[in-house]
Amino acid sequence: MLATLNPAGMDIERYRELGIDEGFAAKQRAVLDAFTRMGIAPTCTCTPYLCGNLPRLGEHLAWSESSAVCFANSVLGARSNREGGPSALAAALTGRTPEYGLHLEAGRCPEVAVELEAELDDESDFGALGALVGERIGPRRPLLRLRDASAGRAGIDALKSLAASLATYGGTAIFALEGVTPERFAAPAERLVLGADELAAARARLDSPAASVDFVSLGCPHLSLDELRRIVALLAGKRVVLETWLHLARPLKTVADGLGWSAALEASGARLACDTCMVVAPIRGRFRGLATSSAKAAYYARAKHGLPVLLRSLEECVRLALGEARP
Ligand code: F3S
């Protein structure tokens, strides 16, 4: 049985460049050493499914990262409740998890059919949809119906953004997306129709008024290789003028190293911050405002760090980082 670890509070190798002090680093290393001695792979990522821990349809898990739980249940058709750290650790040590909730058929059936009468273009739009649906139906399980073009844009990166956002704003651990997710369910009786105005208003609520941005963070959940490829192309031959952190799992950075992407990104002045993210790293008080493509990061940047936030597409975030666009 494979057990992998959630992000740490710092890049294990380059924490000094991110401004993390030695005292914090020593405690983080002690925690990571303890997990490693228990046989848990210190992948330090919220996207284990992108780097080796990819469950199959119907497999039972005990995961604790809410975005990964929602992705595993919804996109992969695996089965996990939202575990806390201690119960996930207990499952890792024993190979057992209680059989209730999302492990059972009855606990997975959608409760509200949600029809969206608006188009979704990029990952930030899917995140805004997750925030809107989460705000409207809370932890109840949605069956989402999108227009054909939007459903066609529901690739892995859009789906990880949607899963993270639904889990954050609604506390839900599963959604079904008609025509995309692998399980088939009966349509629920309750129906909610959301229009373009409601989506636009939800998206506007994710922005802080008059936010002044000096920090750009991408990779919540951690970047996929394809997202990294897009960023490499956007930054090629240019220099960022804002502090820019790109969060990804270390195993993917190894691939990026081999492709020459890491060197290209660092030449642009962007920082590759593995093992961690701007939510779990101790950054409170260091920045005035954040631009991100993640609705989940927008929520926690405000709630945890008191940071004003702008939610923009990945491409717009890179343009802000380069000084080619204004907030
Ligand atoms: Fe991952 Fe940190 Fe976001 S753990 S889901 S990048 S808040």
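The largest cavity in this predicted model has a volume of about 90 Å³, and the structure holds one cavity of 30 Å³ or more. Its lining is made up of Glu123, Asp157, Lys160, Ser161, Gly219, Cys220, Pro221, Leu223, Glu227, Ser293, Ser294 and Leu314, and in chemical terms these residues divide into four nonpolar, four polar and four charged. Helix H6, which covers residues 156-169, gives the most to the lining of this cavity, with three residues. Seen by domain, the lining of the largest cavity draws at least three residues from domain 2 (107-205) and at least three from domain 3 (215-322).

Two of the residues that line the largest cavity, Cys220 and Pro221, are also joined by a peptide bond that deserves a look in the backbone: the bond from cysteine 220 to proline 221 is cis, with omega near -10°. Proline 221 belongs to the loop that runs between strand S5 (215-218) and helix H8 (225-235).

From the cavity one can turn to the domains themselves, which the domain assignment of the protein chain gives as domain 1 (15-105), domain 2 (107-205) and domain 3 (215-322). The C-alpha centres of domain 1 and domain 2 lie 24 Å apart, and the contact between these two domains takes 21 residues from domain 1 and 17 residues from domain 2.

The largest pocket involves another pair of domains: because domain 1 (15-105) and domain 3 (215-322) both give residues to its lining, the largest pocket lies between them. The volume of this pocket is about 1000 Å³, and 46 residues line it, with Thr4, Asn6, Trp63, Ser64 and Ala88 lying nearest its centre. Sorted by chemical class, the residues of the pocket lining comprise 27 nonpolar, 14 polar and five charged. Helix H1 (22-37), helix H2 (66-76) and helix H3 (85-94) each supply at least two residues of this lining, and H3 gives the most, with five residues. In the loop between H1 and H2 one finds cysteine 44, whose phi is near 50°, a positive value in a residue other than glycine.

There remains the sheet, in which four strands are arranged in the order S3-S2-S1-S4, forming an open sheet with parallel pairing. Strand S3 (176-177) and strand S4 (190-195) stand at the edges and have a single partner strand each, so one side of each is left without a neighbour in the sheet. The partner of S4 in this order is strand S1 (residues 112-117), and S1 and S4 pair in the parallel sense over six bridges. Within that pairing, glutamate 117 has glycine 195 in S4 as its bridge partner. Helix H7 (residues 196-205) packs on the sheet, where H7 touches both S1 and S4, and the direction of H7 makes about 75° with that of S4.

Taken together, the two openings can be placed by their domains: the largest pocket lies between domain 1 and domain 3, since both give residues to its lining, whereas the lining of the largest cavity draws at least three residues from each of domain 2 and domain 3.

Definitions and conventions:
Residues are numbered from 1 along each chain as its sequence is written. This is a predicted model: local features need pLDDT of at least 70, side-chain atom pairs count only at pLDDT 80 or more; totals for chains, interfaces and linings use all residues. Side-chain values use heavy atoms; hydrogens and water are left out. On a 1 Å grid over the protein atoms alone, a cavity is a set of points where a 1.4 Å probe fits but cannot get out, and a pocket is an open set with protein on both sides within 12 Å along at least five of seven lines; lining residues have an atom within 4 Å of a point. Grid points are joined across faces, edges and corners, and a volume is the space filled by probe spheres set on the points. Ala, Val, Leu, Ile, Met, Phe, Trp, Tyr, Cys and Pro count as nonpolar, Asp, Glu, Lys and Arg as charged, and the others, Gly among them, as polar. Domain bounds come from an automatic or database domain assignment. Two strands pair if DSSP finds at least two bridges between them. Contact means heavy atoms within 4.5 Å. Axes are lines fitted to C-alpha atoms, for helices over the stretch in contact, and angles run from 0 to 180 degrees between N-to-C directions.
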